[in-house]
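Please examine the model shown below, beginning with its bound ligand and then moving outward to the fold as a whole.

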Amino acid sequence: MPRSVLLPLLASGDFCSGQVLADALGVSRTAVWKQVNKLAVETGLEIESVKGKGYRIPGGVELLDAARIRAGLAQQAAPLLSSLNILESVDSTNAEAMRQLEAVRPPGVVHTAEQQTAGRGRRGRQWVSPFARNLYLSVVWEFGQGAGSLEGLSLAVGVAVARALRACDLPPVQLKWPNDVLHGGKKLGGILLEMAGDVAGPCQVVVGLGLNVAMPPSAAREIDQAWTDLATMAGHDHSQGQHPGRNALFSALLNEILPLLATFENAGFGAWREQWQDLDAYADKPVVLDASGHRVAGIARGVDHRGALQLETTTGMQSMFGGELSLRPAS
Ligand code: BTN
């Protein structure tokens with residue numbers, strides 16, 4: 001509760017006096033000091049305290065705002081968003097989406113949080129999710145014809161993310177099969193699909209997306225692979241040296257992801273394949289595919305109409321499906 005009072009007052013980055021905060025919280029100035037420290041510890045945000053001026057978050061922080069996100073939705077996406085659940089902190093937005101499947105019926109339900117305490121990545125990895133700096137979202141959709149009709153969906157979501165970033169005038173990104181978003185060979189975002197229901201009939205799919213926007217160095221120390229974020233990308237390549245802001249990015253992502261989900265079952269991955277191939281970071285490169293310790297080397301030759309990687313090996317072309325496979329360049 002104190003957090004939801006303090007954060008909006010400090011979010012602008014301007015100093016806010018201890019007295020203003022004390023009045024807002026209805027506590028003494030000493031109690032404010034304790035609450036501010038607690039907030040800093042819980043969120044990992046730097047909160048500066050200067051005698052005679054008060055407290056501030058240097059540089060400010062843009063909190064997620066449902067009204068701003070909805071206002072940024074395009075005409076074809078707005079009616080597809082049925083509810084938007086913004087949490088301050090959650091273990092994982094995908095886990096929350098799975099828990100809420102019965103209570104909040106898909107399609108078009110979106111769960112997001114400022115912070116994830118147990119963000120899930122592929123292959124059992126954690127997804128580093130510091131407070132209010134990146135985006136973590138899970139979009140729930142319902143499909144009628146089971147898993148078979150959803151082949152390639154996670155690859156198509158990668159294309160949607162690339163299109164959203166392009167719409168925000170950010171530098172072009174690439175995709176790494178099956179569903180990493182890369183810039184300059186480093187990981188910018190990841191996609192994790194989870195499914196509930198009938199594999200052969202009506203099922204619910206949770207499309208989880210993590211996008212590094214402005215990863216604080218303290219959190220980055222926990223990441224065990226080469227990574228980048230939009231702030232770094234924009235600083236190097238973007239004329240304004242800035243990313244467009246988390247709420248605008250959020251809307252741009254929904255503008256692409258919601259219409260994709262609404263049309264995927266009919267259109268299939270075939271409608272996305274060419275765009276995916278144009279973004280393929282490993283096209284025609286030597287790669288090694290790791291399937292739970294079993295390694296297959298070959299040349300990556302794009303994907304087929306189902307999203308299966310086409311790997312040219314010494315014994316011929318092999319079709320590889322996602323799941324627990326991971327791809328890396330051959331050294
Ligand atoms: C990957 O390993 O590349 C996939 C990462 C997916 C992370 C996102 S963040 C939002 C959603 N909630 C989770 O716990 N994971 C996904």
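How far does a polar side-chain atom of Ser92 lie from an oxygen atom of the ligand? In this predicted model, the separation is 2.7 Å. Two further polar contacts may be set beside this one. In the side chain of Gln116, an N or O atom is placed 2.9 Å from a nitrogen atom of the ligand. Arg122 takes part through its backbone, where an N or O atom lies 2.7 Å from an oxygen atom of the ligand. The ligand taken alone would expose 410 Å², and the protein buries 99% of that area.

The site of binding can now be described. The ligand sits in the largest pocket. Helix H5 (93–99), strand S5 (135–143), strand S8 (186–197) and strand S9 (203–211) are the elements that each contribute two or more residues to the shell around the ligand. Of these, S8 supplies the largest share, with four residues. In total, 20 residues surround the ligand, and the closest of them are Ser92, Gln116, Arg120, Arg122 and Lys187. By character, the shell comprises 10 polar, six nonpolar and four charged residues.

From the pocket, the view may be widened to the whole chain. The protein contains 14 strands and 10 helices. Its radius of gyration is 21 Å, whereas the globule rule gives 20 Å for 331 residues; the two values are close, so the protein is as compact as a globular protein of that length. Measured out along the principal axes, the C-alpha atoms fill a box of roughly 75 × 45 × 35 Å.

Two details of the backbone geometry remain, and each is found in a loop between strands. Which kind of peptide bond joins Trp177 and Pro178? The bond is cis, with omega at about 0 degrees. Pro178 belongs to the loop that runs between strand S6 (174–176) and strand S7 (180–183). The other detail concerns Ala132, which has a positive phi of about 60 degrees although this residue is not a glycine. Ala132 is placed in the loop between strand S4 (109–116) and S5, and S5 is also one of the elements that give two or more residues to the shell around the ligand.

Definitions and conventions:
Residues are numbered from 1 along each chain as its sequence is written. This is a predicted model: local features need pLDDT of at least 70, side-chain atom pairs count only at pLDDT 80 or more; totals for chains, interfaces and linings use all residues. Side-chain values use heavy atoms; hydrogens and water are left out. A residue is near a molecule or strand if one of its heavy atoms lies within 4 Å of it. A polar contact is a pair of N or O atoms within 3.5 Å; within protein, one must be able to donate a hydrogen and the other to accept it, and residues adjacent in sequence count only if both atoms are side-chain atoms. Accessible areas come from the Shrake-Rupley method with a 1.4 Å probe; for residues, only the protein chains shown count as cover. On a 1 Å grid over the protein atoms alone, a cavity is a set of points where a 1.4 Å probe fits but cannot get out, and a pocket is an open set with protein on both sides within 12 Å along at least five of seven lines; lining residues have an atom within 4 Å of a point. A molecule sits in a cavity or pocket if more than half of its atoms lie within 2 Å of its grid points. Ala, Val, Leu, Ile, Met, Phe, Trp, Tyr, Cys and Pro count as nonpolar, Asp, Glu, Lys and Arg as charged, and the others, Gly among them, as polar. The radius of gyration is taken over C-alpha atoms; the globule rule is 2.2 Å times the number of residues to the power 0.38.
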